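I have opened a fresh notebook page for this chain. My plan is to look up one thing at a time and write down what I find.

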Amino acid sequence: MDQEAVRRTLEPTASSKEIAGSLSHLYDAFVISGVRIDAAEHGRLLCSFVVTPRIASPAGYLLSGVTATLADQLGSGVLFCSGVGTSGVSLEINLSYVDVASIEEEIEVEGKLLRAGKSVGVVSVDFRKKKTGKLIAQARHTKYLAVSSKL
């Protein structure tokens, strides 16, 4: 597995001016910015980030929508790490939030491949406080992997 290839896929390289023309990419780049890839291997992706005010609620906690977006993006990254040619389309993303993360807390995100068949891939994504290892959220991401028809 080429860790640099995964890094190029997940870490945004476009400037804010380049992204501004495309609202569909703006939010993903907004959320992914600041995420570091710590390890990428077959079937596993380990990342970390610090909760900053731009991804926190007015109360100072990591936004649930940011967690969901990261589960989507990093779940796709796990499939890419596993050699799946296409990350496909999301069929289901299920999240359980069990704790909060405050501004300045470092979060570790570990994605693991559960299954990659001919047409469906399933990934688990765990969000933990890096300092204590306490689980804050757990996601299961199911994607349709089949290549679209050439009709």
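**Entry 1: a pair of residues to begin with.** I am working on a predicted model. I began with isoleucine 37 and asked for its bridge partner in strand 2, which turned out to be cysteine 47. I then looked at the two strands themselves: strand 1 and strand 2 (residues 44-50) run antiparallel and are joined by 5 bridges. Together they make a hairpin, with 2 residues between the strands. In that turn I found glycine 43, whose phi is positive, at about 80°.

**Entry 2: the cysteines.** Having met cysteine 47, I wanted to know how many disulfides there are. A disulfide is a covalent bond between the sulfur atoms of two cysteines. The cut-off I used is 2.5 Å between the sulfurs, and the count came to 0. For cysteine 47, the nearest cysteine sulfur belongs to cysteine 81 and is 8.2 Å away, so by the 2.5 Å cut-off cysteine 47 is in no disulfide. I checked from the other end too: cysteine 81 is in no disulfide either, and its nearest cysteine sulfur is that of cysteine 47, at 8.2 Å. Are these two cysteines buried or exposed? Cysteine 47 has 1% relative accessibility and counts as buried. Cysteine 81, at 3%, counts as buried as well.

**Entry 3: stepping back to the whole chain.** I counted 4 helices and 6 strands. Read along the sequence, they follow the pattern α-α-α-β-β-α-β-β-β-β. The chain has 151 residues, and 38% of them are buried. I also looked at contacts with a separation of 6 or more: 65% of these are between residues 24 or more positions apart.

**Entry 4: the sheet.** In what order do the 6 strands lie in the sheet? I read the order as 1-2-4-5-6-3, in an open sheet with antiparallel pairing. Strand 1 (36-41) and strand 3 (89-97) stand at the edges; each has a single partner strand, so one side of each has no neighbour in the sheet. From one strand to the next, the twist averages 15°. For the edge strand 3, I looked up the pairing with strand 6 (residues 135-144): this is antiparallel, over 8 bridges. One match I noted there is asparagine 94, which stands opposite arginine 140 in strand 6.

**Entry 5: helix 4.** Next I turned to helix 4 (64-81). Helix 4 has 18 residues and reaches 25 Å from its first C-alpha to its last, close to the 26 Å expected at 1.5 Å a residue. I listed its buried residues, among them Val66, Leu70, Leu74, Val78 and Cys81. As background, I jotted down that an α-helix has 3.6 residues a turn, so residues three or four places apart point the same way. Serine 64 also belongs to helix 4, but serine 64 is partly exposed, with a relative accessible area of 42%. I compared positions along the chain and in space: serine 64 and tyrosine 97 are 33 residues apart in sequence, and their C-alpha atoms are separated by 8.1 Å.

**Entry 6: just after helix 4.** Glycine 83 follows helix 4 and has a positive phi, near 85°. Serine 82 lies in the loop between helix 4 and strand 3. Although in a loop, serine 82 is buried, with a relative accessible area of 13%. A polar atom of the serine 82 side chain lies 2.8 Å from the backbone oxygen of valine 78. Which residues does serine 82 touch, leaving aside its neighbours within four places in sequence? I found contacts with His42, Gly43 and Leu113. Gly43 is the glycine I had noted in the hairpin turn of strands 1 and 2.

**Entry 7: two more loop residues.** Arginine 54 lies in the loop between strand 2 and helix 4. Arginine 54 is partly exposed, at 34% relative accessible area. The C-alpha atoms of arginine 54 and isoleucine 103 are separated by 9.5 Å, though the two residues are 49 apart along the chain. My last stop was glutamate 104, in the loop between strand 3 and strand 4 (106-116). Glutamate 104 is not a glycine, yet has a positive phi of about 80°. Glutamate 104 is exposed, with a relative accessible area of 60%.

Key: Residues numbered from 1 in each chain as written. Predicted model: local features only at pLDDT ≥ 70, side-chain atom pairs only at ≥ 80, totals over all residues. Heavy atoms only, no water. Pairing = 2+ DSSP bridges. Axes fitted to C-alpha atoms, helices over the stretch in contact; angles between N-to-C directions. Buried < 20%, exposed > 50% of the residue type's maximum accessible area, 1.4 Å probe, protein only. Polar contact = N/O pair within 3.5 Å; in protein donor to acceptor, adjacent residues only side chain to side chain. Contact = heavy atoms within 4.5 Å. Expected span 1.5 Å × (residues − 1).
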